[in-house]
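Colleague: I am new to this structure and would be grateful for a close look at a single part, the backbone in its loops and helices. Please explain the terms as you use them.

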Amino acid sequence: MSLRERSPGGAAAVEAGEDAAATLAEPDGPDRCLSLLPWDRFSAWLHCVCVVGFDLELGQAVEKTNICYLSFPDSNSGCLGDTQFCFRFRRSPGRKVSLCCFLDQLDRDLPVYLKKDPAYYYGYVYFRQVRDKSLKRGYFQKSLVLISKLPYVHLFRTMLKQIAPEYFEKSEAFLEAVCSDVDRWPPPAPGKILHLPIMGIIMKLRIPTYRDKPGTTPIVQNMHQGDAQISMALPTVHEVDLFRCFCPVFFHIQMLWELVLLGEPLVVMAPSPSESSETVLALVSCISPLKYCSDFRPYFTIHDSEFKEYTTRTQAPPSVILGVTNPFFAKTLQHWPHIIRIGDIKLPGEVPKQVKVKKLKNLKTLDSKPGVYTSYKPYLNKDEEIVKQLQKGVQQKRPTEAQSVILRRYFLELTESFIIPLERYVASLMPLQKCISPWKSPPQLRQFSQDDFMKTLEKAGPQLTSGLKGDWIGLYRHFLKSPNFDGWFRSRQKEMTQKLEALHLEALCNENLVFWSQKHTEVETVDLVLKLKNKLLQADREQLPVKTETLKKLQTHINDIILALPDDLQDILLKTGT
């Protein structure tokens, strides 16, 4: 197996860089904060493009990275023709790209579940395997792989569908042209309608923002088609076909939602990387708008560097969702508490049969019958209504897209019913605005108390928004010990702390600081000026939720205080921290 990589540092990048450089800077928008370098636009979307081929003589010894092994299906998968899937892997610390702070700025406007995880990359694969008698192996086997920090599964899947078949028929020059096209794309700014040209086609899409109402997807209309280029409107950048993925385990969706919510170790055993990766991504997305905070691997192989870590029996399985296809995993992961075995995913044309939860001891091989193997007992009673609604849709031949919308709305309402009481309680930990004094440090948030939170559930629990009965208290107690709660609470803590800093800034702006300085010594006044300058730097560095007018007003206060000081101090303070 051999790998060739096309990235901003490669030969293609050098050739196209000079032509693209002139188009990089935009007069307004987020770009204006810094000047982008050649191939920065490419890097905003992709880390690199890889071509992975199988070399019969060199085999797999040539390349030691995970990418090669993850880019090919296991030999038992028997994937003839073209196959698409994705994987996720840990990145090693490397150099910072020139537009790092610029991408961080865009990241702040994303919903929490779409924010980049700096520790991981995604690999989007288009694999082709066809018979070829001219080759020793008897088959042509090659993968085109896009490596990106962005979890935009549907976008990159669509892009690969457009470019990969043509690339396999042509040469590297075609791939260089693709890279040049990507380097002319606008930045991945959330909330904007983006037009992304790729080899004669324009993909039109919108990346969601945190301001969007959960569960709503603004419709991106197709443009009028011109003579030169065809346009293609993408309804989503990140969503998978939820109903198609969950159809093999149709009757257990609510239990699976609980397992994902609680960060339980889960294995998806599937016949191919396509099925495994789509199912893992569907599981991760089912608790949206909550972010799944543990590790997940849409396609995991025995060659993965974390293989020993995740298959050891000397400790409890970690909080992770793995998608696997190799029969070897049926033995090595037998000790895992929850295993989903799925067959070939097909478009559902008949009503799925009721399948009971199976005992783990019955899972001997990957050939075991499809189903959920676990001893887990759900906290909540089963919701029969959603099952009936989806069954009726299958009988009426409702499009799978419509079934997915129903299922996504069901998961959203379930997650929101669960999280709203937590949101309400955490909001009560915020100090009152009257407690914020401009002359004292911002007050601290009150501590989260599990007992106090549990007391609120009697009158303001999930029963206000959900008709589901069951042991909600038990579910909350379990959730409060999970990585998903830890991640969610840290995020809310950060937001609220920043809000307190912002309110403290506003309180300072509303004071007559010049009058204060006249009543105090020069030493105290200089100390105040330095603290105010640090406040402005903090507001910029941490992107505090402060109005621009407030920052301008504070800067005016600083200038007025400095001008009231002796000339020698003015010179020093005007040069300090500017």
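Modeller: Helices (H or I, at least four residues) and strands (E, at least two) are DSSP runs, numbered from the N terminus. The model is predicted: local features need pLDDT of at least 70, side-chain atom pairs count only at pLDDT 80 or more, and totals for chains, interfaces and linings use all residues. Residues are numbered from 1 along each chain as its sequence is written, and side-chain values use heavy atoms, leaving out hydrogens and water.

Between α9 (273-285) and β10 (295-297) runs a loop that contains Pro 289. The peptide bond leading from Ser 288 into Pro 289 is cis, its omega being near 15°. Most peptide bonds are trans, and most residues other than glycine have a negative phi. Lys 397, a residue other than glycine, has a positive phi near 55°. Lys 397 sits in the loop joining α12 (384-395) to α13.

Helix α13 covers residues 400-427, 28 in number. The expected span is 1.5 Å times one less than the number of residues, so α13 should reach 40 Å, and the 39 Å between its end C-alpha atoms agrees. Within α13, a kink of about 30° occurs at Ile 419, shortly before Pro 421; the bend is the angle between axes fitted to the seven residues ending at a residue and the seven starting there.

Elsewhere, Arg 90 and Glu 309 form a salt bridge at 3.4 Å, N to O (a side-chain nitrogen of Lys or Arg within 4 Å of a carboxyl oxygen of Asp or Glu). This pair connects strand β3 (residues 81-90) with helix α10 (residues 307-311), its partners being 219 residues apart.
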